[in-house]
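The exercises below ask you to read a protein model residue by residue and then element by element. Try each task with the structure open before turning to its solution.

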Amino acid sequence: MSKAIGVLLADDAEIIRNVLTRMLGTQPEIRILGVARTFAETLKMTARLKPDVVVMDVHMPGERDFNANFIKVELLSSAKHVLAMSLWNDDESKAVAQNYGASTLLDKSTLASTLIPAIEECMQEDRRAQYA
């Protein structure tokens, strides 16, 4: 059996955190390393836990306390991948996600069908890169 995919979840909405925790908790190949509620917590937990994937809301408390480039460097220096999520699939949210180094912006309304495949795709990219 291969190593479980370590995931850090980050969202300020408790209901979203709970739903994602339950959804990902049923996947034997995914291990939730931690759950953050703010940008500051997300950055601290990413540095400490070094997850394979950070799944984060692009609009959380404290987002304006940090420069976008700082967030990107901090996230990508400790995590292999960042997947952003938002209620809005607008140009501003897409730009914020890109500025944070996210490989994709997931629409929260479709997470039930898109989150697990997106996490798996990140790990497939890693496997392909090993053999390139």
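## Exercise 1: A residue at the end of a helix

Task: In this predicted model, locate Ser78 among the helices, decide whether Ser78 is buried or exposed, and list what Ser78 touches beyond its sequence neighbours.

Solution. Begin with the position: Ser78 belongs to helix H3, which covers residues 68–78. Next, take the accessibility; Ser78 has a relative accessible area of 13%, and because buried means under 20%, Ser78 counts as buried. Finally, look for contacts, leaving out residues up to four places away in sequence: Ser78 touches Thr46, Ala47, Lys50 and Pro51.

## Exercise 2: How H2 meets H3

Task: Describe the geometry of the H2 and H3 pair, and state which residues of H2 and H3 meet.

Solution. Two packed helices are described by the angle between their axes and the distance between the axes. Here the axes of H2 and H3 come within 8 Å, and they cross at roughly 30°. Since angles under 35 degrees count as roughly parallel, H2 is therefore roughly parallel to H3. The handedness of this crossing of H2 and H3 is left-handed.

The next step is to assign the contacts. From H2 come Phe39, Thr42, Leu43, Thr46 and Ala47, and these meet Phe70, Ile71, Glu74, Leu75 and Ser78 of H3. Sorted by class, the contact of H2 with H3 has six nonpolar, three polar and one charged residues.

To finish, consider burial within H2, where Phe39, Thr42, Leu43, Met45 and Thr46 are buried. The cover over the buried residues of H2 includes S1, strand S2 (30–36), S3 and H3.

## Exercise 3: The residue that follows H2

Task: State where Lys50 is found, what is notable about its phi, and whether Lys50 is buried or exposed.

Solution. Lys50 follows H2 and is found in the loop between H2 and S3. Most residues other than glycine have a negative phi. Lys50, although it is not a glycine, has a positive phi of about 50°. As for accessibility, Lys50 stands at 54% and, because exposed means over 50%, counts as exposed.

## Exercise 4: Salt bridges across the chain

Task: How many salt bridges does a search of the whole structure find, and which residues do salt bridges with shared partners join into one network?

Solution. The search of the whole structure finds four salt bridges, of which three are worked through here, among them the pair of Asp11 and Lys108. Side chains of opposite charge can pair when their charged atoms come close.

Start with Asp11 and Lys108, whose side chains meet in a salt bridge at 2.6 Å, N to O. This pair links distant parts of the chain, with Asp11 in the loop between strand S1 (5–10) and helix H1 (14–25), and Lys108 in the loop between strand S5 (104–107) and helix H5 (111–130), 97 residues apart. Asp11 is buried, at 1% relative accessibility, and Lys108 is buried too, at 13%.

Continue with Asp57, which forms a salt bridge with Lys108, the closest N and O atoms being 3.0 Å apart. Asp57 lies in strand S3 and Lys108 in the loop between S5 and H5, so placed that the pair links distant parts of the chain, 51 residues apart. Salt bridges that share partners thus join Asp11, Asp57 and Lys108 into one network.

Then turn to Asp52, which forms a salt bridge with Lys80, the closest N and O atoms being 3.3 Å apart. Because Asp52 lies in the loop between helix H2 (39–49) and strand S3 (53–57), and Lys80 in the loop between H3 and strand S4 (81–86), the pair ties together parts that are 28 residues apart in sequence. Asp52 is buried, with a relative accessible area of 6%.

## Exercise 5: Two residues of strand S4

Task: For Leu83 and Met85, give the relative accessible area and the contacts beyond four places in sequence.

Solution. Leu83 is in strand S4 and is buried, with a relative accessible area of 1%. Its contacts beyond four places in sequence include Val53, Val55, Ala102, Leu115 and Cys122. Leu83 and Ser103, 20 residues apart in sequence, are 5.9 Å apart in space, C-alpha to C-alpha.

Met85 also lies in strand S4 and is buried, with a relative accessible area of 0%. Among the contacts of Met85 are Asp11, Asp57 and Lys108, the residues joined in the salt-bridge network.

Notes. Residues are numbered from 1 along each chain as its sequence is written. This is a predicted model: local features need pLDDT of at least 70, side-chain atom pairs count only at pLDDT 80 or more; totals for chains, interfaces and linings use all residues. Side-chain values use heavy atoms; hydrogens and water are left out. Helices (H or I, at least four residues) and strands (E, at least two) are DSSP runs, numbered from the N terminus. Buried means under 20% relative accessible area, exposed over 50%, partly exposed in between (1.4 Å probe, protein chains only). Contact means heavy atoms within 4.5 Å. Axes are lines fitted to C-alpha atoms, for helices over the stretch in contact, and angles run from 0 to 180 degrees between N-to-C directions. Angles under 35 degrees count as roughly parallel, over 145 as roughly antiparallel, 65 to 115 as roughly perpendicular and the rest as oblique. A crossing is left-handed if the near helix is turned anticlockwise from the far one by less than a right angle, and right-handed if clockwise. Ala, Val, Leu, Ile, Met, Phe, Trp, Tyr, Cys and Pro count as nonpolar, Asp, Glu, Lys and Arg as charged, and the others, Gly among them, as polar.
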